[in-house]
Protein chains: 2
Amino acid sequence: MTPRIGMDKQIIVAAAVEIADAEGLESVTLARVAEKLGVRSPSLYNHINGLQELRMQLTLLALNRLQAAMADAAQGHAGEEGLRRVSRAYVSFARMQPGLYEAVLRSPDPAEQQVGEAASAIVKLVQEQMSCFGLEGDASLHAVRGFRSMLHGFAELERAGGFGLPLDLNKTLELMIEAFGRGLPVYKEALNG
Amino acid sequence: MTPRIGMDKQIIVAAAVEIADAEGLESVTLARVAEKLGVRSPSLYNHINGLQELRMQLTLLALNRLQAAMADAAQGHAGEEGLRRVSRAYVSFARMQPGLYEAVLRSPDPAEQQVGEAASAIVKLVQEQMSCFGLEGDASLHAVRGFRSMLHGFAELERAGGFGLPLDLNKTLELMIEAFGRGLPVYKEALNG
DNA sequence: CCACAAAAACTAATAACATTAGTTTTAGAT
DNA sequence: ATCTAAAACTAATGTTATTAGTTTTTGTGG
């Protein structure tokens, strides 16, 4: 009743993460994962429902780890410093797990419930940071969207080699974060009075 | 000496763009393009060097059209209004050609010269807008990076369904642009004195 | 008007991949 | 020791990219 052990969904996803970070998300194929686990690719179907589910699990794991990293960085910090720490944690995560980060927006079905919940947790976390700046309700949500746009765009451009020139990327990031903070009052003025 | 006409690289790329915009960049396969053109897929190799080159051409076309749209929007406008117009043009392009926009950062080789040149044209265009705010040199480059990060992140999040909540996206965009403008002095203070 | 050259189409074949069906192995429970 | 169900396997199908080699086509030069 309890046959062979060792293999399960987590192990498959972990192997996929390693491949993604080492060779890029495009290199994550069932064939490649199976090879890494010393197994034939149809065997994976005993634990996971095909490539689609593997990709969904990667998106989920990416969102959860990203959220955890941001939450950890935010611990006990608020205001400008909290924003800086959360931003750096976001970019650090994308740098340290580039393949996994790629999966963040590549879910086969972005409307999937679990994906939505994981994303909501991030929104909520950032919203708490925004509350220190007097932002609530729609103003807060718009600000969170701006924040995510900025950080996701930066992470993607950096990961994909979109910044051509040899100019310090950390400097770019620090300035961008400070500029974002300077712009925050706009959201308050426009919506919270 | 001048055999069959009708087919050439441009036509292949145009078909690929239609498929990308209608079904997503992932659906752009040589098989699919060939089918659309009423031809067998090996025939495409007479005009284009495989899927890799097709993808590169898509990236190139995306960057060139994006640049053209931004340049057109900028015509005769500067300062806050110039920034707004360029930003809207960027997002409009991503909305109207979602599949082509996907290709912007998905070049097989981001270091390719032509890709670099096309990206540089965009950087230059945005830099000119930044000059109205008194930004030069490195300050200008950092600001351009922040601007691209913000717009690319917004475009990607919107395209991929990353913004879950039913909150007006145009409002988010307008606020984000204004907040960016508000933050611009940061770049000047930090680097141009 | 015809033949030729070369471009551009074609067919055939190979290799990688995802997935399904059906079979065999295995290890814990009885 | 046997049975059972999970989990591995092999075999097969269909899709894709790509290469090799063949045939078709058509403007040009004779």
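Ala, Val, Leu, Ile, Met, Phe, Trp, Tyr, Cys and Pro are counted here as nonpolar, Asp, Glu, Lys and Arg as charged, and the others, Gly among them, as polar. The model is predicted: local features need pLDDT of at least 70, side-chain atom pairs count only at pLDDT 80 or more, and totals for chains, interfaces and linings use all residues. Residues are numbered from 1 along each chain as its sequence is written, chains are lettered from A and ligands numbered from 1 in the order in which they are written, and side-chain values use heavy atoms, with hydrogens and water left out.

**Both chains.** Superpose chain B on chain A by least squares on the C-alpha atoms of residues with pLDDT of at least 70 in both. A turn of 180° with a shift of 0.0 Å along the axis lays chain B on chain A with an RMSD of 0.0 Å. The two copies are therefore related as by a two-fold rotation axis.

**Residues 6-66 of chain A.** An unreviewed UniProt entry annotates this range as "domain: HTH tetR-type"; such annotations may be inferred rather than shown by experiment. The range is 64% helix and 0% strand, and its end C-alpha atoms are 27 Å apart. Helices (H or I, at least four residues) and strands (E, at least two) are DSSP runs, numbered from the N terminus.

**The interface.** Select residues in contact across the chains (heavy atoms within 4.5 Å): chain A and chain B contribute 40 residues each. About 3700 Å² is buried between the chains, 65% of it on carbon and sulfur atoms; buried area is the accessible area (1.4 Å probe) that two parts lose on being put together, summed over both. In chain B, show B:Arg145, B:Leu167 and B:Arg182, which lose the most area to chain A, together 19% of what that side buries.

**The cavity.** On a 1 Å grid over the protein atoms alone, a cavity is a set of points where a 1.4 Å probe fits but cannot get out, and lining residues have an atom within 4 Å of a point. The largest cavity has a volume of about 130 Å³. Of its 13 lining residues, A:Met150, A:Ala179, A:Phe180, B:Met150 and B:Phe180 are closest to the centre. H8(A) gives the most to this lining, with four residues. The lining of the largest cavity comprises ten nonpolar, three polar and no charged residues.

Conventions: On a 1 Å grid over the protein atoms alone, a cavity is a set of points where a 1.4 Å probe fits but cannot get out, and a pocket is an open set with protein on both sides within 12 Å along at least five of seven lines; lining residues have an atom within 4 Å of a point. Grid points are joined across faces, edges and corners, and a volume is the space filled by probe spheres set on the points.
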